[in-house]
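Subject: Structure for your review

Dear colleague,

Please find below the structure that I am handing over to you. My notes on what was found in it follow directly after.

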Amino acid sequence: MQINNLRIKACHSLNAASLSVSLMLAVVCCASNSCSHIGEGKASAVKLILDTDLGPDYDDVGAFALMYALEEQGKVDVLATISCNRDERVVPCIKILNAWYGHADMPTGAPEEGYSSVSEAPSMTCWQEDLHWPDSLCINYGHFPGCAGARAAGAETENAVKLYRKILSRQADRSVTICSIGFYSNLAALLTSGPDGNSPLPGRELVARKVVRLVSMAGAFPGGEEFNLKLDLPAARLVCSEWPGNVIFSGFEIGERVWTGRRLIEEAARYEGECSGNPVVDAYAGSLKYGELESGHNSWDGTAVLIAICGADPYFELCRGRITFAEDSTGSNGWQEDPQGPHSYVRFKLSPDRVAAAIDSITLSHSKFAYLKQ
């Protein structure tokens, strides 16, 4: 997720010809099965934990929609959805989206006060001061299974670190992919956690044994300032220096150029602020006034989810090396090239329009959106 004046850039419009080409390419991309290299069926699906700061911006909602579309295709087995944001609206919104997609019983975790020795997880809500889509979702969809009372839903949520440790301990070695589309607060707390009733292993060893890769929407490459790293810098520094395995970064510059959700935004415009009966569409209504009707919305988080489940190829190429940090408190990151390095950031292999078209096509392939194709 990307928010605030440091990160939000003016919306731009896509001309009709470009959109037509993108939609045609989306059909081609989906027809060729964009995740075919992963294989079919539950046994071969990517086992995924999604770590999200859902709330400040609504690209997380698009990431959920993409994830569950791929889940319906058998490409991913979602193990848990975990909040790294302490705002009280985040967990209810996560539960609403899970329930909408038929997973009211999805394990959901959240940071608790004092749960980490590294830092305190941030608490942030919608960055648009006069728009409150998280509140609207809680009000309009609080009746969903597991979401009664909206705010009360958070009371049933597990401690993020305890849930991580429980889920990881039950999986085969080197089988879990974590997709982080928010702050690194939970990941730092996990790395520094001690043995518990779920596993005798300390956090770093548990991650090394169970996690095959971390895919993260974070950083700016080959260098710059980026919100997710900056907001919890102590956690970011620790995770980037001590994570015991492969880390793939989808940087700010990727999502900045991938504009998705135009069809969802068009649908949202029909309701003029009224409840549509579809929480994804309602969340997308949150930024209509910011001129995104013709362009769509930045897909910072969606690109990370796409990579986590489908892999970088054919959309992106990987640049191997190691992320570095400025010594000051700005949160600026740099990059050190190293063919044997533990980190990779992605660069476009296909055009941003083609990546966007693939994300849109996959998202709308879910049966929940069949009515939009009529």
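In this predicted model, Arg165, Leu168 and Ser169 of helix H5 are in contact with Gly203, Leu206 and Lys210 of helix H7. By class, the residues of this contact are 2 nonpolar, 2 polar and 2 charged. Helix H5 spans residues 160-169 and helix H7 spans residues 203-210; their axes lie 10 Å apart and make an angle of about 40 degrees. The two helices are therefore oblique to each other, since oblique covers angles that are neither under 35 degrees nor from 65 to 115 degrees nor over 145. The crossing of H5 with H7 is left-handed.

Lys210 of H7 also belongs to the surroundings of Gln171, a residue in the loop between H5 and strand S5 (176-181). Apart from neighbours within four places in sequence, Gln171 has contacts with Lys47, Leu79, Val176 and Lys210. Is Gln171 buried or exposed? Its relative accessibility is 15%, so Gln171 counts as buried, the cut-off being under 20%.

Another residue that I examined is Val46, which lies in strand S1 (residues 46-52). Val46 counts as buried because its relative accessibility is 12%. In sequence, 129 residues separate Val46 from Ser175, yet their C-alpha atoms are 8.0 Å apart in space.

A second pair of helices is formed by H3 (residues 90-100) and H4 (residues 133-141), which pack at an angle of about 55 degrees with their axes 9 Å apart. That angle makes H3 oblique to H4. As for handedness, H3 and H4 cross in a left-handed manner. On the H3 side the contact involves Pro92, Cys93 and Ile96, and on the H4 side Trp133, Pro134, Leu137, Cys138 and Tyr141. By class, this contact has 8 nonpolar residues, with no polar and no charged ones.

Helix H4 may also be considered by its burial. Its buried residues are Trp133, Pro134, Asp135, Leu137, Cys138 and Tyr141. Among the elements that cover them are helix H2 (59-72), H3 and H12.

Helix H12 appears again in the cover of helix H11, together with strand S9 (297-298) and helix H14 (352-364), among others. Which residues of H11 are buried? In this helix, residues 262-269, they are Leu264, Ile265, Glu267 and Ala268. These four lie on the same side of H11, because the arc that they cover around the axis is only 160 degrees. As general background, an α-helix has 3.6 residues a turn, so residues three or four places apart point the same way.

Finally, some values for the whole protein. The secondary structure consists of 14 helices and 12 strands. There are 374 residues, of which 60% count as buried. Of the contacts between residues at least 6 apart in sequence, 82% join residues that are at least 24 apart.

Should you wish to begin with one part of the model, I would suggest the two helix pairs described above: H5 with H7, where the contact includes 2 charged residues, and H3 with H4, where the contact has no charged residues.

Yours sincerely

Definitions and conventions:
Residues numbered from 1 in each chain as written. Predicted model: local features only at pLDDT ≥ 70, side-chain atom pairs only at ≥ 80, totals over all residues. Heavy atoms only, no water. Buried < 20%, exposed > 50% of the residue type's maximum accessible area, 1.4 Å probe, protein only. Arc of directions from axis to C-beta. Contact = heavy atoms within 4.5 Å. Axes fitted to C-alpha atoms, helices over the stretch in contact; angles between N-to-C directions. Left-handed = near helix turned anticlockwise from the far one by under 90°. Nonpolar A, V, L, I, M, F, W, Y, C, P; charged D, E, K, R; others polar.
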